[in-house]
Amino acid sequence: MLWSRLGTSYSPAVLDDALEDRTLVELQGMIRPAEDIALFRAEFEAWPGAGELKPWQQEVLEWVEDNEECRAEILDRLEEGGPLPARDLPDRCAVPWKSSGWTNNKSVLKLITFMEARGEVAVGARSTRERLWDLAERVYPPVADVPPLADAIAERNLRRLQALGIARAKSVEVPGERNDVGSAGVTAVVEGVKGQWQVDPARLDGDFTGRAALLSPLDRLVFDRKRIEEIFEFDYQLEMYKPAASRRWGYWALPVLYGDRLVGKLDATADRDAGLLRVDALHEDAPFSSTVRDAVEEQVEELARWLGLEVG
């Protein structure tokens, strides 16, 4: 994602350094500026929700309370030996977590997730892809003044709108960062699209200079599939969880941006043993002009160089 935004000047080592010195921290699967944790403090304190709780929130609260002894033991273990992976934390849950999904009986993992949402624990480091948990007070910077919850949510909505440019006031809740922005910005309509949108007014009169870019499937521009279909008329799904025979574009197909349009998908695989970035397919939503094709192929070459590979 950062390579798509910053280009070949981006070095993963810079990101690693920022995480190590806690300039950046991880919260709920997203990497954020450490000072922004202040905007989440009131939400931590209000967990599992402000005001009258919804039934599912009440159930979660009761489950955590039923496992108070396990929660306390996890905190003690982290204080003594953190950061640690979840698999090294004691599972003394009196009431196992029940789910119809993949978290069924993964009680420690769920408890840790709720403890993160309460601001008690945080991701202190990573070992390869495994999160290492620690006490939040050893990861997050101290905050002298915690903004009221309503003010913090309003500021986060505004920042989210500034990043997205255009978003719905309300949308379906998703894991991690939300896709809606409340009343931030100004209300607008998009010709040919139902309903109203919130728009960042600072972007309305600015000059736009487009370029070609290969986007990660997790990039915020394309992460909300409904949004990109409504605004860009771009049909896309991440197909890594589909059987190979059912995929239209590929295991990890990269959305292709050109100017102000999403124009296709790149199916490519990094074969590091062979030193190649193998291009399996370049799917064109509509036939590319020679200008678009040259710009996209240049991005493929740049991606390969950044990875230390050759296009094959």
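Helices and strands are DSSP runs, helices of type H or I with at least four residues and strands of type E with at least two, and they are numbered from the N terminus. The model described here is predicted.

**A pocket and its lining**

The second largest pocket has a volume of about 250 Å³. Helix 9, residues 225-232, supplies three residues, the largest share of this lining. Among the residues that line the second largest pocket are Ala-167, Arg-168, Trp-197, Asp-224, Lys-226, Arg-227 and Glu-230. By class, the lining divides into six charged, four nonpolar and two polar residues.

**Strands**

Three strands form an open sheet in the order 5-7-6, and their pairing is antiparallel. Strand 5 (166-167) and strand 6 (186-189) stand at the edges with a single partner strand each, so one side of each has no neighbour in the sheet. Strand 6 runs antiparallel to strand 7 (residues 196-199), and four bridges join the two. In this pairing, Val-186 is placed opposite Val-199 of strand 7.

Elsewhere in the chain, strand 1 (residues 24-27) and strand 2 (residues 30-33) also run antiparallel and are joined by four bridges. Val-25 has Arg-32 in strand 2 as its bridge partner. Strands 1 and 2 make a hairpin with two residues between them, and Gln-28 in the turn has a positive phi of about 55°. Another positive phi, near 65°, belongs to Arg-22, a residue other than glycine. Arg-22 is located in the loop between helix 2 (12-20) and strand 1.

**Helix packing**

Two packed helices are described by the angle between their axes and the distance between the axes. Helix 4 (residues 55-66) packs against helix 6 (residues 107-117) at an angle of about 110°, and their axes are 11 Å apart. Helix 4 is therefore roughly perpendicular to helix 6, the class that covers angles of 65 to 115 degrees. The crossing of these two helices, helix 4 and helix 6, is left-handed.

**Cis peptide bonds**

The table lists two cis peptide bonds, each leading into a proline.

| Peptide bond | Omega | Place of the proline |
|---|---|---|
| Trp-47 to Pro-48, cis | about 5° | Pro-48: loop between helix 3 (41-46) and helix 4 |
| Gly-82 to Pro-83, cis | near 5° | Pro-83: loop between helix 5 (68-81) and helix 6 |

Helix 4, which follows the loop with Pro-48, and helix 6, which follows the loop with Pro-83, are the helices that pack at about 110°.

Conventions
Residues numbered from 1 in each chain as written. Predicted model: local features only at pLDDT ≥ 70, side-chain atom pairs only at ≥ 80, totals over all residues. Heavy atoms only, no water. 1 Å grid on protein atoms, 1.4 Å probe; cavity = no way out; pocket = protein on both sides within 12 Å on 5 of 7 lines; lining within 4 Å. Points joined across faces, edges and corners; volume = space filled by probe spheres on them. Nonpolar A, V, L, I, M, F, W, Y, C, P; charged D, E, K, R; others polar. Pairing = 2+ DSSP bridges. Axes fitted to C-alpha atoms, helices over the stretch in contact; angles between N-to-C directions. Parallel < 35°, antiparallel > 145°, perpendicular 65-115°, else oblique. Left-handed = near helix turned anticlockwise from the far one by under 90°.
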